Amino acid sequence: MKTYGKSQVKINRNRIVSVVFACTASMLHANAAEPSGFPYGLRDKKPDRPLSVAMERLYDHYPAPTPEKNELFSNFRYTRLEGFDYHNHDGTISRRDPSKIIRVNGKYCVWYTKRHTSVPPRGPGLGTDTIPSTDWDLSEIWYATSTDGFTWEEQGLAIPRPLKPKVGWRSVCTPDVLVWKGRYYLYYQGFVEMSGLRGDFCPVTASVADSPDGPWRPANKVVVDNGAAGTWDQYAVHDPYPLAYRGKIYLYYKSEMNGPPNPVRAQGLAIADEPFGPFTKHPLNPVINSGHETTLFPFKEGIAALVIRHGLEHNTIQYAPDGVSFEVAATTSLMPIAAGPHVPDAFADTGDGRGITWGLSHFTNAGTRETKHSILARFDCDLSRDVHDEWMKQTEMFVKPEVYFSQTLSKKQRERIENAAKQQQRE
Ligand code: AAL
């Protein structure tokens with residue numbers, strides 16, 4: 001218990017009352033025996049007494065026992081972006097799956113999937129050479145720049161679809177960026193069939209440029225391939241996400257390992273010495289058992305990950321001191337979907353990662369069923385060791401009732417519940 005000096009006691013009347021109270025309590029404590037229960041006031045140091053499993057975990061498992069002191073806990077704040085045109089949101093223009101954001105020559109740069117088709121996605125049954133099956137079918141990779149991260153200026157096409165049968169001829173999407181030895185590399189999904197036809201099957205390919213403005217030279221080959229038949233990532237390597245770590249390229253990716261009706265998404269790691277490979281998949285893959293799109297950043301000596309949307313450990317922020325052994329560091333809510341953060345030290349490989357404070361993410365339900373498309377948005381957070389924003393450490397989100405009521409029961413569920421109630425009445 002702290003005691004207060006004279007100058008602090010002068011603050012005001014209420015303050016004096018509480019100081020007197022604190023001093024008295026402090027004196028009483030000093031004389032009294034140790035409290036019989038768990039001590040009042042959650043301290044940073046683990047109390048030296050028998051603890052429940054839950055309280056042991058609070059001290060031994062998490063980086064700190066309270067959200068405000070846990071550098072890997074944050075809530076997320078959202079802002080609509082200025083500068084992108086969506087053709088009156090009629091579903092013909094979609095922007096989604098932003099890359100991580102890099103800063104070059106005083107400007108932030110982001111790459112993303114852009115679909116600009118004559119009609120919105122119509123499903124695999126109605127997809128053709130010009131009609132998209134899914135929101136990311138028949139797409140290309142575009143890029144935009146910004147000076148403040150709120151207003152963006154679309155700069156144009158970065159990666160077009162190559163001619164058939166080259167990898168990506170059907171669609172190139174879901175890019176991420178690597179800066180390696182002075183060159184820029186974009187990694188992205190290269191579809192050689194319509195997505196949704198058999199599933200969402202594709203490998204990863206890449207392109208290189210000397211400047212973020214291109215021109216981009218394609219590797220014209222698969223850079224990270226699907227796994228061998230019967231293995232967890234046999235059909236898809238999605239959301240490639242490169243970082244420079246321990247002198248190598250650590251490329252995280254997501255795959256789908258269960259098939260319908262209960263798909264399970266997990267994340268793997270592939271490591272290379274050179275950007276176009278060969279990439280060696282980590283023998284312990286998958287290294288993250290949940291999530292969907294990949295979002296990772298150097299943190300202290302290891303790598304932290306936002307684990308979003310799917311799996312038992314969705315809505316968590318995880319940490320691996322070696323980039324491989326991920327553990328839950330915090331749970332959170334309303335996470336940014338498909339987050340592409342600004343990671344200032346993504347390629348610095350300092351062994352002392354500083355964390356992130358903002359980035360872009362997407363909403364895939366911007367339109368109606370007929371005008372289906374996605375929009376990009378900005379998120380802010382405090383997952384940084386250099387920023388301390390108390391407002392980002394609040395665990396309670398005041399979400400409007402409409403948001404909850406939009407998560408409504410299906411007709412079938414309502415019928416089941418009402419029938420059970422009727423049955424009970426009859427009994
Ligand atoms: C995204 C990503 C991949 C999938 C699809 C487009 O959010 O996970 O890119 O293939 O959905």
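Analyst: Helices (H or I, at least four residues) and strands (E, at least two) are DSSP runs numbered from the N terminus. This is a predicted model, in which local features need pLDDT of at least 70 and side-chain atom pairs count only at pLDDT 80 or more, while totals for chains, interfaces and linings use all residues. Residues are numbered from 1 along each chain as its sequence is written.

User: Which strands each supply at least two residues of the shell around the ligand?

Analyst: A residue counts as near the ligand if its C-beta atom, placed from the backbone, lies within 6 Å of it. The residues surrounding the ligand include Cys173, Thr174, His238 and Asp239. The strands that each supply at least two shell residues are S7 (171–180) and S11 (238–245).

User: Is Glu293 buried or exposed?

Analyst: Glu293, one of the residues surrounding the ligand, is found in the loop between strand S14 (280–281) and strand S15 (296–300). A residue is buried if 20 or more other C-beta atoms, placed from the backbone, lie within 10 Å of its own, exposed if 12 or fewer, and partly exposed in between. Because 26 other C-beta atoms lie within 10 Å of Glu293, this residue is buried.

User: Which are the edge strands of the open sheet S7-S8-S9-S10?

Analyst: Two strands pair if DSSP finds at least two bridges between them, and six bridges join S8 (residues 183–191) to S9 (residues 204–209). The four strands form the open sheet in the order S7-S8-S9-S10 with antiparallel pairing. Pairing on one side only, the edge strands are S7 and S10 (217–218).
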